Amino acid sequence: MPVPALRLPSWAWVTGLTAGAVAAVVVLAVQADQGPKPTAVAARPSAQASASPSTRPAPAPTAVKVPDGSGTGRRIVYSLGQKRVWLIDASDAARRTFTVWPGTVSPDPGSYTVSIRRDATTGSDGVPIEHIVYFAAKSGLSIAFSNAVDGSSPPAQASGARTGGIRMGKPDGTALWAFATTGTTVRVVE
């Protein structure tokens, strides 16, 4: 005599499928959290402020050497030519590096210190910015690191406006903000 097939009620199927889906989402979230972190290049441009492909910094290589002659000790190193920033700890180890979008007025190579920090304002391009770290002045403009609140890159500088902001992606702006306390050394190199 054949054995009758066992039938599960529909609520048991729904509960099992829901539990499986929740477990899969948790596994994917943990994997994503442990994966690579976005850099300034991965920031999505908004409709309000976007860069053309020619103005977007190149993707970050896996290991970029800190420029020679950039000093020693805890400091921020900004390379004008590479359009890149390094956060260097007291043991001279690079803790983070990322590309940036410089303004139209750049600081001269040399040594500076973080003078003022400001939580948020509106940039000279009209974009809301945050994590503003001032360290130099040139040609009547303040030079500062910052990131757009929405994580976008600055628009192309076709208008001829003079800007001293050095923009970066939101995750990099948050990291620089945490690192760059008032008095932190900033070394600008070619």
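This passage describes the sheets, the helix α2, the nonpolar cores and some side-chain contacts of one protein model. The model is predicted.

Two open sheets are described here. One has 5 strands, in the order β3-β2-β1-β9-β4, and its pairing is mixed. Strands β3 (94-99) and β4 (110-113) form the edges of this sheet. Each has a single partner strand, so one side of each is left without a neighbour in the sheet. On average, neighbouring strands here are turned by 20° against each other, direction ignored. Strands of a sheet pair through backbone hydrogen bonds, either parallel or antiparallel.

Strand β9 illustrates the mixed pairing. With β1, β9 runs parallel, and 5 bridges join the two. Ser-79 has Val-189 in β9 as its bridge partner. With β4, strand β9 (residues 185-189) pairs in the antiparallel sense, over 4 bridges. Here Thr-113 has Thr-185 in β9 as its bridge partner.

The other open sheet has 4 strands in the order β5-β6-β7-β8, again with mixed pairing. Its edge strands are β5 (116-122) and β8, and each of these pairs on one side only. Neighbouring strands of this sheet are turned by 30° against each other on average, direction ignored. Strands β6 and β7 are antiparallel partners, with 7 bridges between them. Within this pair, Glu-130 stands opposite Asn-147 in β7.

Helix α2 lies across β5, β6, β7 and β8. The helix runs at about 60° to β6. Asp-172 belongs to this helix, which spans residues 170-179. The residue is buried: its relative accessible area is 1%, and the cut-off for buried is under 20%. The side chain of Asp-172 makes a polar contact of 2.8 Å with the side chain of Arg-96.

The largest nonpolar core contains 23 residues. Ile-76, Val-85, Leu-87, Phe-135, Phe-145, Leu-176 and Val-186 have the most contacts inside this core. Seven elements are listed as supplying at least two core residues each: β1 (75-79), β2 (84-88), β6 (128-138), β7 (141-148), β8 (165-168), α2 and β9. The largest share, 4 residues, comes from α2. A second, separate core has 6 residues, including Val-64, Val-66, Ile-88 and Val-189.

Val-186 gives a closer view of the largest core. Leaving out residues up to four places away in sequence, Val-186 touches Ile-76, Gly-110, Ser-111, Tyr-112, Thr-113, Val-114, Phe-135 and Phe-145.

Aromatic rings also pair in this model. The whole structure holds 3 aromatic pairs. One of them joins Tyr-78 and Phe-145 in an edge-to-face arrangement. Their ring centres are 5.9 Å apart, and their planes meet at 80°. Tyr-78 lies in strand β1 and Phe-145 in strand β7, so this pair ties together parts that are 67 residues apart in sequence. Tyr-78 is buried, at 1% relative accessibility. Phe-145 is buried too, with a relative accessible area of 0%.

Another edge-to-face pair is formed by Tyr-112 and Phe-135. The distance is 5.8 Å centre to centre, with 70° between the planes. Tyr-112 lies in strand β4 and Phe-135 in strand β6, so parts 23 residues apart in sequence are tied together. Phe-135 is buried, with a relative accessible area of 5%. Ring pairs link Tyr-78, Tyr-112, Phe-135 and Phe-145 into a cluster.

Arg-187 sits in strand β9. Its relative accessible area is 22%, so Arg-187 counts as partly exposed. Arg-187 and Ile-76 are 111 residues apart along the chain, yet their C-alpha atoms are separated by 6.1 Å. Beyond its neighbours within four places in sequence, Arg-187 contacts Gly-69, Ser-70, Gly-71, Arg-75, Ile-76, Val-77, Tyr-78, Gly-110 and Ser-111. The side chain of Arg-187 also reaches the backbone oxygen of Gly-69, at 3.0 Å.

Key. Residues are numbered from 1 along each chain as its sequence is written. Side-chain values use heavy atoms; hydrogens and water are left out. Two strands pair if DSSP finds at least two bridges between them. Axes are lines fitted to C-alpha atoms, for helices over the stretch in contact, and angles run from 0 to 180 degrees between N-to-C directions. Buried means under 20% relative accessible area, exposed over 50%, partly exposed in between (1.4 Å probe, protein chains only). A polar contact is a pair of N or O atoms within 3.5 Å; within protein, one must be able to donate a hydrogen and the other to accept it, and residues adjacent in sequence count only if both atoms are side-chain atoms. A nonpolar core is a set of buried Ala, Val, Leu, Ile, Met, Phe, Trp, Tyr and Cys residues joined through side-chain atoms within 4.5 Å. Contact means heavy atoms within 4.5 Å. Rings of Phe, Tyr and Trp (its six-membered ring) pair if their centres lie within 6.5 Å; planes under 30 degrees apart count as stacked, over 60 as edge-to-face and the rest as tilted.
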